[in-house]
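Q: Please take a close look at one part of this model, the sheet together with whatever packs on it, and describe in one connected account how it is put together.

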Amino acid sequence: MARLELRPKDGRLLAVVLLLIVVFGIYLFGVHWWFVSPHIDYFNQMSDLREQQQRYARVIAERPAIEKRLAEVSSYEQGNQAFLAEADANAASANLISRLRQSQTDQSDPKRCSIINSSPSNQGQEELYMKVVVQARLRCDLESLAAILYDLENGKPYLFVDDLMIYKQQTYVPPGGKRRASPLDVRFNLSGYLRQPGKPAETP
């Protein structure tokens, strides 16, 4: 069996390697985990905080422009005449009925068109803004009805006519008598929106 002889040069190299291993172990377990690693964590945290500070600084710098834009939007909303001006649904319903009567007076002859009934309704669907609905029933000829509906839907605030139903009434004409145009029995919902949040319809 051959003998393994170590020369002095090999012994010194082995000693250096062992010394390096010991020094590395001392650094790893005695210095790195107790001193270096916490400092690295602190450095990373400081970098994150510095990035957050920069983002906040950018937001703060943009604040005047954002506030100006919000003021413009708020001013537009306050001056927007598309919504009903009343503060609650009851007052808005009364105003819708008044608008209907005013339109009937302005756009037709009372002998040619009359309001049979008008009353608030709660059958409107939940929407983004609070919807106010009035049920109306009129007895009109076609020309007067067209003028009233046009007037209601083309003014401010915005009003909407839905669920329009028109029934032609039959009138008795005696023999030899002159047939006259029969008034129409008209029913519809007149609605508008308050500048108040409603409840969005649930999506299936």
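A: What follows starts with the chain as a whole, goes on to the sheet and its helices, and ends with the core and a few single residues.

The model is a predicted one, and its protein chain has three helices and four strands, which, read along the sequence, follow the pattern α-α-β-β-α-β-β. Of the 204 residues in the protein chain, 22% are buried, and the accessible surface comes to about 15800 Å², with 58% of that area belonging to carbon and sulfur atoms. Among contacts with a separation of 6 or more, 70% are made by residues 24 or more positions apart.

The four strands form an open sheet in the order 1-2-4-3, and the pairing is antiparallel. Strand 1 and strand 3, the latter spanning 160–168, are the edge strands, each pairing on one side only. On average, and with direction ignored, neighbouring strands of the sheet are turned by 20° against each other.

Going across the sheet in that order, strand 1 is joined to strand 2 by eight bridges, the two running antiparallel, and here Ser114 stands opposite Arg139 of strand 2. Strand 2 in turn pairs with strand 4 in the antiparallel sense over 11 bridges, with Lys131 standing opposite Tyr193 of strand 4. The remaining pair, strand 3 and strand 4, is antiparallel as well and is held over seven bridges; Ile166 has Val186 in strand 4 as its bridge partner.

Two helices pack on this sheet. Helix 2 touches strand 1, strand 2 and strand 4, and its direction makes about 170° with that of strand 1. Helix 3 touches strand 1, strand 2, strand 3 and strand 4, while its direction makes about 175° with that of strand 3.

The side chains behind this packing can be followed through the largest nonpolar core, which has 23 residues and in which Leu84, Leu96, Leu100, Leu138, Ile148, Phe188 and Leu190 are those with the most contacts inside it. At least two residues of this core come from each of helix 2 (89–107), strand 1 (113–121), strand 2 (129–140), helix 3 (142–153) and strand 4 (184–197). Leu100 gives a view of how these pieces meet: apart from its neighbours within four places in sequence, Leu100 is in contact with Ile115, Ser118, Ala136, Leu138, Ile148, Leu152, Phe188 and Leu190.

Leu149, found in helix 3, offers a second view. Its relative accessible area is 15%, and because a residue under 20% is classed as buried, Leu149 is buried. Once neighbours within four places in sequence are left aside, Leu149 is in contact with Val161, Leu164 and Phe188; Phe188 also appears among the contacts of Leu100. Computed along the chain, or rather counted along it, Leu149 and Gln107 are 42 residues apart in sequence, yet their C-alpha atoms are 9.5 Å apart in space.The covalent link of the structure belongs to this region too. The structure holds one disulfide, formed by Cys113 and Cys140, whose sulfur atoms are 1.7 Å apart. Cys113 lies in strand 1 and Cys140 in strand 2, so the pair ties together parts that are 27 residues apart in sequence, and both cysteines are buried. Cys113 is also one of the residues touched by Ser144, which touches Ser108 and Arg112 besides, not counting residues up to four places away in sequence. Ser144 has its place in helix 3 and counts as buried because its relative accessibility is 3%.

A serine of strand 1 completes the account. Ser121 has its place in that strand and, at 13% relative accessibility, counts as buried. With its neighbours within four places in sequence left aside, Ser121 is in contact with Val133, Val134 and Gln135.

Terms used
Residues numbered from 1 in each chain as written. Predicted model: local features only at pLDDT ≥ 70, side-chain atom pairs only at ≥ 80, totals over all residues. Heavy atoms only, no water. Core = buried A, V, L, I, M, F, W, Y, C linked by side-chain atoms within 4.5 Å. Buried < 20%, exposed > 50% of the residue type's maximum accessible area, 1.4 Å probe, protein only. Contact = heavy atoms within 4.5 Å. Disulfide = S-S within 2.5 Å. Pairing = 2+ DSSP bridges. Axes fitted to C-alpha atoms, helices over the stretch in contact; angles between N-to-C directions. Areas by Shrake-Rupley, 256 points an atom, 1.4 Å probe, with all protein chains shown as cover.
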